Amino acid sequence: QVQVVESGGTLVLAGGSLRLSCAASGRTFSTYAMGWFRQAPGQGREFVATISATGGVTYYALSVKGRFTISRDNVKNMVYLQMNSLEPEDTAMYYCAAGSYGTNQRSYDYWGQGTQVTVSS
């Protein structure tokens, strides 16, 4: 079993950068793919990025590709989401999740409580 806790969300100006962190507990962390999802007010939760268990494969939503980078450190049990060129449309609650590699949230078994990112124009 894995527990995940997100951090790093805050208010940032459009065009700025932010790095979200996800701390995971459990000795099996390195066997799980990790994903980032987000949910804007009044909208459903959507896929942002995913990274394979070893970190060798990543995949991004088209809306963030080229601006966001997902990475992981299997020694520190950490996952990161580096967000650059932020836009007001990126405003959302961001969730970290552990599970099987993919873009469908049903592939992920363990979820954090989320961290709020607000991008002001």
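Modeller: A residue counts as buried when its relative accessible area is under 20%, as exposed when that area is over 50%, and as partly exposed in between. Keep in mind, too, that the model above is predicted.

Colleague: Thanks! Let me try that out: is Arg67 buried or exposed?

Modeller: Start from its relative accessible area, which is 12%. The cut-off for being buried is under 20%. Arg67 falls on that side of the cut-off, so we call Arg67 buried.

Colleague: Which residue forms a salt bridge with Arg67?

Modeller: Look for a carboxyl oxygen close to the arginine's side chain. The closest N and O atoms of the pair are 2.8 Å apart, and the cut-off for a salt bridge is within 4 Å. The partner of Arg67 is Asp90.

Colleague: Where in the chain do the two members of that pair lie, and how many residues apart are they?

Modeller: Arg67 is in the loop between E6 and E7, while Asp90 is in the loop between E8 and E9. The pair therefore links distant parts of the chain, with a separation of 23 residues.

Colleague: Which other arginine meets Asp90 in a salt bridge, and how many residues apart in sequence are those two?

Modeller: The other one is Arg38, with an N to O distance of 2.9 Å. Arg38 lies in strand E4 and Asp90 in the loop between E8 and E9, so this pair also ties together separate parts. Counting along the sequence, Arg38 and Asp90 are apart by 52 residues.

Colleague: Arg38 also has a salt bridge with Glu46. Is Glu46 buried, partly exposed or exposed?

Modeller: The closest N and O atoms of Glu46 and Arg38 are 2.6 Å apart. Arg38 has a relative accessibility of 7% and therefore counts as buried. Glu46 has 35%, so Glu46 counts as partly exposed.

Colleague: How many salt bridges does a search of the whole structure find?

Modeller: As a general idea, side chains of opposite charge can pair when their charged atoms come close. Here, Arg38, Glu46, Arg67, Glu87 and Asp90 are linked in a network. The count of salt bridges for the whole structure is four.

Colleague: Let's move to the strands. In what order do the four strands of the open sheet come?

Modeller: The edges help, since an edge strand pairs on one side only: these are strand E1 (3-7) and strand E7 (68-73). The pairing is antiparallel, and neighbouring strands are turned by 15° against each other on average, direction ignored. Going across the sheet, the order is E1-E3-E8-E7.

Colleague: Which residue is the bridge partner of Gln3 in E3?

Modeller: E1 and E3 (residues 18-25) run antiparallel and are joined by five bridges. Within this pairing, the partner of Gln3 is Ser25.

Colleague: And at the other edge, which residue of E8 is the bridge partner of Ile70?

Modeller: The side chains of E7 alternate: Phe68, Ile70 and Arg72 point to one face and are buried, whereas Thr69, Ser71 and Asp73 point to the other and are not. E7 pairs with E8 in the antiparallel sense over six bridges. Across from Ile70 in E8 sits its partner, Leu81.

Colleague: Which residue takes a positive phi in the hairpin of E7 and E8?

Modeller: Most residues other than glycine have a negative phi. The hairpin has four residues between its strands, and one residue there has a phi near 60°. That residue is buried, because its relative accessibility is 16%, and the name is Asn77.

Colleague: Which element gives the largest share of the largest nonpolar core?

Modeller: Nonpolar side chains tend to be buried together in soluble globular proteins. This core has 34 residues, and Met34, Trp36, Leu81, Met83 and Tyr94 touch the most other members. Elements giving two or more residues include E3, strand E4 (33-39) and strand E5 (45-51). The largest share, five residues, comes from E9.

Colleague: One last thing: about how much accessible area do Val57, Tyr59 and Tyr101 have together?

Modeller: Tyr59 lies in strand E6 (residues 58-60). Tyr59 counts as partly exposed because its relative accessibility is 46%. With Val57 and Tyr101, Tyr59 forms a nonpolar patch on the surface, and their accessible area together is about 300 Å².

Conventions:
Residues numbered from 1 in each chain as written. Predicted model: local features only at pLDDT ≥ 70, side-chain atom pairs only at ≥ 80, totals over all residues. Heavy atoms only, no water. Pairing = 2+ DSSP bridges. Axes fitted to C-alpha atoms, helices over the stretch in contact; angles between N-to-C directions. Patch = residues over 30% accessible without salt bridge, like charges linked within 9 Å, V, L, I, M, F, W, Y side chains within 5 Å. Areas by Shrake-Rupley, 256 points an atom, 1.4 Å probe, with all protein chains shown as cover. Salt bridge = Lys/Arg side-chain N within 4 Å of Asp/Glu carboxyl O. Buried < 20%, exposed > 50% of the residue type's maximum accessible area, 1.4 Å probe, protein only. Core = buried A, V, L, I, M, F, W, Y, C linked by side-chain atoms within 4.5 Å.
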